[in-house]
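Student: I should like to understand how the terms used for a protein model are justified. May I ask about them one at a time?

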Amino acid sequence: MAKYNLGEVYQSAYKSNCSTETALLKVKSDVLNAVDRQEVVFMVLLDLSAAFDTVDHGLLLDRLKNDIGVSGTVVKWFDSYLSSRCSSIAGAAETALAKLEQCIAEIKEWMNQNKLKLNNDKTEFFIAGSYQSLQKLPKVQLKVADIHIEPSCNIRNLGIIFDSNMTMCKQVNSLVSSGNYQLRNIRRICRYLDQDTRHLVVRALFLSRLDYGNALLYGANSQDLVRLQSLQNRAAKLIFYASRLDSPSPLLKKLHWLPVTKRIQFKICLHVYKCLNDCGPEYLANLLAHINRPSTAPVTRSATDKTLLAVPFSKKCIGEQAFSVAGPSL
(Lines give C-alpha, C1' and ligand atoms only; values in the text may rest on other atoms or scores of the structure.)
Protein backbone atom coordinates (compact mmCIF):
# COMPACT_ATOMS: atom_id res chain seq x y z
CA MET A 1 0.00 0.00 0.00
CA ALA A 2 2.86 2.38 0.78
CA LYS A 3 4.69 1.52 -2.45
CA TYR A 4 1.72 2.28 -4.69
CA ASN A 5 0.26 5.14 -2.59
CA LEU A 6 -2.99 3.28 -1.90
CA GLY A 7 -3.45 4.74 1.58
CA GLU A 8 -5.48 7.76 2.64
CA VAL A 9 -3.20 10.81 3.02
CA TYR A 10 -5.00 12.23 6.04
CA GLN A 11 -5.25 8.96 7.97
CA SER A 12 -2.91 9.02 10.96
CA ALA A 13 -3.87 5.87 12.83
CA TYR A 14 -1.70 2.77 12.36
CA LYS A 15 0.74 4.55 10.02
CA SER A 16 4.44 5.06 10.55
CA ASN A 17 5.57 8.67 11.03
CA CYS A 18 2.02 9.70 11.99
CA SER A 19 0.38 10.20 15.37
CA THR A 20 -2.56 11.87 17.10
CA GLU A 21 -0.32 14.91 17.62
CA THR A 22 0.55 15.28 13.93
CA ALA A 23 -3.16 14.99 13.05
CA LEU A 24 -4.08 17.65 15.61
CA LEU A 25 -1.21 19.87 14.45
CA LYS A 26 -2.62 19.80 10.91
CA VAL A 27 -6.16 20.54 12.13
CA LYS A 28 -5.06 23.42 14.35
CA SER A 29 -2.86 24.86 11.59
CA ASP A 30 -5.79 24.87 9.15
CA VAL A 31 -8.08 26.47 11.73
CA LEU A 32 -5.57 29.19 12.65
CA ASN A 33 -4.88 30.02 9.00
CA ALA A 34 -8.62 30.38 8.38
CA VAL A 35 -9.06 32.57 11.46
CA ASP A 36 -6.10 34.66 10.30
CA ARG A 37 -8.00 35.25 7.04
CA GLN A 38 -10.91 36.51 9.18
CA GLU A 39 -12.97 33.43 8.38
CA VAL A 40 -15.06 31.32 10.75
CA VAL A 41 -14.47 27.58 11.04
CA PHE A 42 -17.16 24.95 11.57
CA MET A 43 -15.85 21.64 12.94
CA VAL A 44 -17.75 18.41 13.52
CA LEU A 45 -16.48 15.35 15.37
CA LEU A 46 -18.22 12.13 14.37
CA ASP A 47 -18.19 8.94 16.41
CA LEU A 48 -18.68 5.36 15.17
CA SER A 49 -20.66 2.90 17.24
CA ALA A 50 -18.35 -0.02 18.09
CA ALA A 51 -16.26 0.77 15.02
CA PHE A 52 -13.94 -2.23 15.15
CA ASP A 53 -16.74 -4.68 15.94
CA THR A 54 -18.96 -3.62 13.02
CA VAL A 55 -16.50 -3.89 10.14
CA ASP A 56 -18.06 -6.27 7.62
CA HIS A 57 -15.55 -9.04 6.88
CA GLY A 58 -16.97 -9.73 3.43
CA LEU A 59 -16.60 -6.11 2.39
CA LEU A 60 -13.10 -6.00 3.86
CA LEU A 61 -11.97 -9.05 1.88
CA ASP A 62 -13.58 -7.63 -1.26
CA ARG A 63 -11.69 -4.35 -0.83
CA LEU A 64 -8.41 -6.18 -0.26
CA LYS A 65 -8.86 -8.13 -3.50
CA ASN A 66 -10.41 -5.53 -5.82
CA ASP A 67 -9.13 -2.20 -4.52
CA ILE A 68 -5.76 -3.08 -3.02
CA GLY A 69 -4.83 -5.97 -5.32
CA VAL A 70 -4.14 -8.59 -2.65
CA SER A 71 -4.40 -12.12 -4.04
CA GLY A 72 -3.35 -15.72 -3.67
CA THR A 73 -2.01 -16.98 -0.37
CA VAL A 74 -2.27 -13.54 1.25
CA VAL A 75 -6.03 -13.35 0.65
CA LYS A 76 -6.40 -16.88 2.01
CA TRP A 77 -4.48 -15.82 5.12
CA PHE A 78 -6.82 -12.86 5.72
CA ASP A 79 -9.86 -15.05 4.98
CA SER A 80 -8.65 -17.68 7.45
CA TYR A 81 -8.02 -15.05 10.11
CA LEU A 82 -11.44 -13.42 9.70
CA SER A 83 -13.53 -16.56 9.29
CA SER A 84 -15.53 -17.84 12.28
CA ARG A 85 -15.27 -14.43 13.91
CA CYS A 86 -18.62 -12.79 14.70
CA SER A 87 -19.48 -9.27 13.56
CA SER A 88 -22.41 -7.36 15.07
CA ILE A 89 -24.02 -4.99 12.52
CA ALA A 90 -25.18 -2.43 14.27
CA GLY A 91 -25.75 33.82 3.92
CA ALA A 92 -22.09 32.35 3.76
CA ALA A 93 -22.69 30.67 7.13
CA GLU A 94 -25.86 28.97 5.81
CA THR A 95 -24.04 27.84 2.67
CA ALA A 96 -21.14 26.45 4.69
CA LEU A 97 -23.54 24.74 7.10
CA ALA A 98 -25.49 23.23 4.20
CA LYS A 99 -22.27 21.88 2.69
CA LEU A 100 -21.26 20.46 6.06
CA GLU A 101 -24.65 18.76 6.53
CA GLN A 102 -24.45 17.35 3.00
CA CYS A 103 -20.95 16.05 3.72
CA ILE A 104 -22.17 14.33 6.90
CA ALA A 105 -25.14 12.88 5.01
CA GLU A 106 -22.76 11.39 2.43
CA ILE A 107 -20.55 9.98 5.19
CA LYS A 108 -23.62 8.48 6.85
CA GLU A 109 -24.74 6.95 3.55
CA TRP A 110 -21.27 5.50 2.94
CA MET A 111 -21.32 4.00 6.43
CA ASN A 112 -24.76 2.49 5.85
CA GLN A 113 -23.57 0.90 2.61
CA ASN A 114 -20.57 -0.52 4.42
CA LYS A 115 -22.67 -1.74 7.36
CA LEU A 116 -21.24 0.77 9.82
CA LYS A 117 -23.29 2.90 12.19
CA LEU A 118 -22.82 6.59 12.95
CA ASN A 119 -23.32 7.38 16.63
CA ASN A 120 -25.49 10.50 16.36
CA ASP A 121 -25.68 10.96 20.13
CA LYS A 122 -21.91 11.49 20.36
CA THR A 123 -21.63 13.84 17.40
CA GLU A 124 -20.23 17.22 18.47
CA PHE A 125 -20.38 20.58 16.68
CA PHE A 126 -17.77 23.29 17.21
CA ILE A 127 -17.23 26.78 15.80
CA ALA A 128 -13.86 28.54 15.85
CA GLY A 129 -13.07 32.11 14.90
CA SER A 130 -11.88 35.47 16.18
CA TYR A 131 -14.03 37.19 18.80
CA GLN A 132 -15.15 39.80 16.25
CA SER A 133 -16.08 37.19 13.62
CA LEU A 134 -18.02 35.06 16.10
CA GLN A 135 -19.99 38.11 17.26
CA LYS A 136 -21.18 38.73 13.69
CA LEU A 137 -22.20 35.11 13.18
CA PRO A 138 -25.96 34.35 13.33
CA LYS A 139 -27.21 31.54 15.53
CA VAL A 140 -26.53 28.23 13.81
CA GLN A 141 -27.47 24.61 14.43
CA LEU A 142 -26.14 21.49 12.76
CA LYS A 143 -28.66 18.90 11.60
CA VAL A 144 -27.48 15.29 11.67
CA ALA A 145 -30.27 12.88 10.70
CA ASP A 146 -33.22 14.14 12.78
CA ILE A 147 -31.06 15.66 15.53
CA HIS A 148 -30.26 19.38 15.82
CA ILE A 149 -26.91 19.98 17.50
CA GLU A 150 -25.98 23.25 19.20
CA PRO A 151 -22.34 24.39 18.80
CA SER A 152 -20.06 23.81 21.79
CA CYS A 153 -17.76 26.50 23.23
CA ASN A 154 -14.95 23.96 23.35
CA ILE A 155 -14.35 20.46 22.11
CA ARG A 156 -12.05 17.58 23.07
CA ASN A 157 -10.32 16.13 20.03
CA LEU A 158 -7.97 13.15 20.56
CA GLY A 159 -7.37 14.25 24.14
CA ILE A 160 -6.68 17.92 23.31
CA ILE A 161 -9.22 20.65 24.10
CA PHE A 162 -9.87 23.36 21.48
CA ASP A 163 -11.75 26.50 22.52
CA SER A 164 -13.68 28.70 20.08
CA ASN A 165 -10.94 31.37 19.97
CA MET A 166 -8.14 28.78 19.72
CA THR A 167 -6.34 30.20 22.77
CA MET A 168 -5.72 26.70 24.20
CA CYS A 169 -6.66 28.06 27.66
CA LYS A 170 -9.02 25.14 28.34
CA GLN A 171 -6.27 22.67 27.46
CA VAL A 172 -3.85 24.40 29.83
CA ASN A 173 -6.49 24.38 32.58
CA SER A 174 -6.93 20.64 32.08
CA LEU A 175 -3.15 20.07 32.15
CA VAL A 176 -2.75 22.13 35.31
CA SER A 177 -5.59 20.28 37.02
CA SER A 178 -4.31 16.80 36.14
CA GLY A 179 -0.70 17.83 36.83
CA ASN A 180 -1.53 19.11 40.30
CA TYR A 181 -3.42 15.90 41.04
CA GLN A 182 -0.53 13.67 39.98
CA LEU A 183 2.15 15.71 41.78
CA ARG A 184 0.12 15.76 45.01
CA ASN A 185 -0.20 11.98 44.91
CA ILE A 186 3.50 11.51 44.22
CA ARG A 187 4.44 13.88 47.06
CA ARG A 188 2.47 11.71 49.52
CA ILE A 189 4.79 8.75 48.89
CA CYS A 190 7.93 10.75 48.00
CA ARG A 191 9.82 9.97 51.21
CA TYR A 192 9.51 6.23 50.62
CA LEU A 193 11.08 6.30 47.14
CA ASP A 194 14.71 6.73 46.11
CA GLN A 195 15.65 9.39 43.57
CA ASP A 196 15.71 7.10 40.52
CA THR A 197 12.25 5.78 41.34
CA ARG A 198 10.90 9.28 41.91
CA HIS A 199 12.34 10.28 38.53
CA LEU A 200 10.66 7.32 36.85
CA VAL A 201 7.28 7.98 38.48
CA VAL A 202 7.31 11.71 37.65
CA ARG A 203 8.21 11.02 34.03
CA ALA A 204 5.49 8.41 33.67
CA LEU A 205 2.64 10.18 35.46
CA PHE A 206 3.41 13.86 34.88
CA LEU A 207 5.96 14.57 32.15
CA SER A 208 4.21 12.32 29.62
CA ARG A 209 1.04 14.40 30.05
CA LEU A 210 2.95 17.68 29.81
CA ASP A 211 4.58 16.62 26.54
CA TYR A 212 1.56 15.08 24.83
CA GLY A 213 0.36 17.45 22.11
CA ASN A 214 2.54 20.28 23.43
CA ALA A 215 3.31 21.44 19.88
CA LEU A 216 -0.26 22.75 19.82
CA LEU A 217 0.55 25.12 22.70
CA TYR A 218 2.85 27.26 20.55
CA GLY A 219 1.74 30.87 20.89
CA ALA A 220 -0.35 30.18 23.99
CA ASN A 221 -0.91 32.95 26.54
CA SER A 222 2.29 33.71 28.46
CA GLN A 223 0.44 33.45 31.79
CA ASP A 224 -0.72 29.94 30.88
CA LEU A 225 2.83 28.93 29.99
CA VAL A 226 4.03 30.30 33.34
CA ARG A 227 1.47 28.05 35.08
CA LEU A 228 2.83 25.02 33.21
CA GLN A 229 6.41 26.02 33.99
CA SER A 230 5.51 26.25 37.67
CA LEU A 231 4.23 22.67 37.49
CA GLN A 232 7.43 21.47 35.82
CA ASN A 233 9.50 23.21 38.50
CA ARG A 234 7.52 21.42 41.22
CA ALA A 235 8.06 18.10 39.45
CA ALA A 236 11.85 18.66 39.33
CA LYS A 237 11.91 19.50 43.05
CA LEU A 238 9.95 16.33 43.83
CA ILE A 239 12.56 14.20 42.09
CA PHE A 240 15.41 15.70 44.13
CA TYR A 241 13.20 16.00 47.23
CA ALA A 242 14.18 19.69 47.32
CA SER A 243 12.69 22.51 49.34
CA ARG A 244 10.10 24.80 47.81
CA LEU A 245 12.55 27.67 48.28
CA ASP A 246 15.27 26.00 46.18
CA SER A 247 15.86 27.36 42.68
CA PRO A 248 14.50 24.99 39.98
CA SER A 249 16.98 26.03 37.25
CA PRO A 250 19.96 23.86 38.36
CA LEU A 251 17.58 20.95 38.95
CA LEU A 252 16.18 21.21 35.42
CA LYS A 253 19.73 21.25 34.06
CA LYS A 254 20.66 18.12 36.00
CA LEU A 255 17.59 16.36 34.57
CA HIS A 256 18.33 17.69 31.04
CA TRP A 257 14.78 19.05 30.93
CA LEU A 258 14.10 21.95 28.60
CA PRO A 259 11.77 24.62 30.05
CA VAL A 260 8.14 24.38 28.90
CA THR A 261 8.41 27.07 26.19
CA LYS A 262 11.56 25.47 24.76
CA ARG A 263 9.98 22.00 24.90
CA ILE A 264 7.15 23.32 22.73
CA GLN A 265 9.54 24.90 20.25
CA PHE A 266 11.69 21.76 20.18
CA LYS A 267 8.64 19.59 19.39
CA ILE A 268 7.66 21.79 16.43
CA CYS A 269 11.25 21.77 15.13
CA LEU A 270 11.28 17.99 15.51
CA HIS A 271 8.15 17.69 13.34
CA VAL A 272 9.73 20.00 10.74
CA TYR A 273 12.91 17.91 10.72
CA LYS A 274 10.92 14.72 10.24
CA CYS A 275 8.92 16.26 7.39
CA LEU A 276 12.09 17.41 5.62
CA ASN A 277 13.61 13.94 5.93
CA ASP A 278 10.58 11.90 4.81
CA CYS A 279 9.87 10.74 8.36
CA GLY A 280 6.74 12.84 8.90
CA PRO A 281 3.18 12.69 7.57
CA GLU A 282 2.58 13.98 4.06
CA TYR A 283 -0.18 16.34 5.20
CA LEU A 284 2.30 18.21 7.44
CA ALA A 285 5.12 18.11 4.90
CA ASN A 286 2.78 19.76 2.36
CA LEU A 287 2.52 22.77 4.69
CA LEU A 288 6.25 23.45 4.29
CA ALA A 289 7.84 24.99 1.22
CA HIS A 290 11.48 25.78 0.40
CA ILE A 291 12.43 29.32 -0.57
CA ASN A 292 12.32 29.83 -4.34
CA ARG A 293 15.13 32.19 -5.27
CA PRO A 294 15.31 33.74 -8.75
CA SER A 295 18.26 32.71 -10.87
CA THR A 296 19.42 36.33 -10.95
CA ALA A 297 19.66 36.55 -7.13
CA PRO A 298 23.16 37.20 -5.76
CA VAL A 299 25.04 34.12 -4.59
CA THR A 300 25.34 34.22 -0.81
CA ARG A 301 25.80 31.61 1.91
CA SER A 302 22.06 31.62 2.64
CA ALA A 303 21.22 31.43 -1.07
CA THR A 304 23.01 28.09 -1.36
CA ASP A 305 21.34 26.68 1.78
CA LYS A 306 18.66 24.33 0.43
CA THR A 307 17.18 23.72 3.86
CA LEU A 308 15.77 27.23 4.25
CA LEU A 309 11.98 27.33 4.33
CA ALA A 310 9.62 30.03 3.14
CA VAL A 311 7.62 31.69 5.93
CA PRO A 312 4.04 32.33 4.74
CA PHE A 313 2.55 35.77 5.33
CA SER A 314 -0.04 36.00 8.09
CA LYS A 315 -2.32 38.96 8.71
CA LYS A 316 -2.56 38.60 12.47
CA CYS A 317 -0.52 37.08 15.28
CA ILE A 318 -2.93 34.12 15.52
CA GLY A 319 -1.86 33.06 12.04
CA GLU A 320 1.75 32.96 13.22
CA GLN A 321 0.79 30.11 15.60
CA ALA A 322 -0.12 27.80 12.70
CA PHE A 323 2.39 25.02 11.96
CA SER A 324 2.75 26.27 8.38
CA VAL A 325 4.17 29.55 9.77
CA ALA A 326 5.63 28.52 13.14
CA GLY A 327 7.58 25.58 11.68
CA PRO A 328 9.57 27.56 9.08
CA SER A 329 9.99 30.50 11.50
CA LEU A 330 11.55 28.38 14.23
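Student: Which residues does L225 touch, not counting residues up to four places away in sequence?

Tutor: This is a predicted model. In it, L225 touches L217, A220, V260, T261 and I264. L225 itself lies in helix α8.

Student: Why is L225 called buried?

Tutor: Its relative accessible area is 14%. Buried means under 20%, so L225 meets the definition of a buried residue.

Student: How far is L225 from D196?

Tutor: The two residues are 29 places apart along the chain, and their C-alpha atoms are separated by 27 Å.

Student: Where does helix α7 bend, and by how much?

Tutor: Helix α7, which covers residues 195–211, bends by about 40° at R203.

Student: Which residues of α7 are buried, and what covers them?

Tutor: The buried residues are R198, V202, F206, L207 and L210. Their cover includes α6 (169–189), α8 (222–240) and α10 (260–276). A general rule helps in reading such a list: an α-helix has 3.6 residues a turn, so residues three or four places apart point the same way.

Student: What is found at the start of α7, and what follows the helix?

Tutor: At the start, a side-chain oxygen of D194 reaches to within 3.3 Å of the backbone nitrogen of D196. The helix is followed by G213, whose phi is positive, near 70°.

Student: What makes the contact between D194 and D196 a polar one?

Tutor: A polar contact is a pair of N or O atoms within 3.5 Å. The oxygen of D194 and the nitrogen of D196 come to within 3.3 Å, and therefore they satisfy that distance limit.

Student: What is the phi of M168, and what is the phi of D278?

Tutor: Phi of M168 is near 65°, a positive value in a residue other than glycine. Phi of D278 is near 55°, again positive in a residue other than glycine. As a general matter, most residues other than glycine have a negative phi.

Student: Is M168 buried or exposed, and is D278 buried or exposed?

Tutor: M168, in the loop between β6 (160–163) and α6, has a relative accessible area of 1%. That value is under 20%, so M168 is buried. D278, in the loop between α10 and α11, stands at 69% relative accessibility. Exposed means over 50%, and therefore D278 counts as exposed.

Student: Why is S314 called buried, and which residues does S314 touch?

Tutor: S314 is in the loop between α11 (282–285) and α12 (323–329). Its relative accessibility is 12%, under the limit of 20%, so S314 counts as buried. Not counting residues up to four places away in sequence, S314 touches D36, G319 and E320.

Student: How do you know that K267 and E21 form a salt bridge?

Tutor: The definition asks for a side-chain nitrogen of Lys or Arg within 4 Å of a carboxyl oxygen of Asp or Glu. The closest N and O atoms of K267 and E21 are 3.2 Å apart, so the pair qualifies. K267 counts as buried at 16% relative accessibility, and E21 counts as buried at 7%.

Student: How many salt bridges are counted by this rule?

Tutor: The count comes to seven. One of them joins the side chains of D211 and R263, at 2.8 Å from N to O. This pair links distant parts of the chain, with D211 in helix α7 and R263 in helix α10, 52 residues apart. D211 is partly exposed at 22%, whereas R263 is buried at 12%.

Student: What makes the side chains of D56 and K115 a salt bridge?

Tutor: Their N to O distance is 3.4 Å, and the limit is 4 Å, so they too meet the rule. D56 is buried, with a relative accessible area of 15%. K115, at 39% relative accessibility, counts as partly exposed.

Student: Which residues make the nonpolar surface patch of about 350 Å²?

Tutor: The patch is made by M1, Y4 and L6. L6 is placed in the segment before α1 (20–36).

Student: Why is L6 called partly exposed?

Tutor: L6 has a relative accessible area of 35%. Since buried means under 20% and exposed means over 50%, a value in between is called partly exposed, and L6 therefore receives that name.

Note on methods. Residues are numbered from 1 along each chain as its sequence is written. This is a predicted model: local features need pLDDT of at least 70, side-chain atom pairs count only at pLDDT 80 or more; totals for chains, interfaces and linings use all residues. Side-chain values use heavy atoms; hydrogens and water are left out. Patches are made of residues with over 30% relative accessible area and no salt bridge: like charges are joined within 9 Å, nonpolar side chains (Val, Leu, Ile, Met, Phe, Trp, Tyr) within 5 Å. Accessible areas come from the Shrake-Rupley method with a 1.4 Å probe; for residues, only the protein chains shown count as cover. Helices (H or I, at least four residues) and strands (E, at least two) are DSSP runs, numbered from the N terminus. Buried means under 20% relative accessible area, exposed over 50%, partly exposed in between (1.4 Å probe, protein chains only). The bend at a residue is the angle between axes fitted to the seven residues ending there and the seven starting there. Contact means heavy atoms within 4.5 Å. A polar contact is a pair of N or O atoms within 3.5 Å; within protein, one must be able to donate a hydrogen and the other to accept it, and residues adjacent in sequence count only if both atoms are side-chain atoms.
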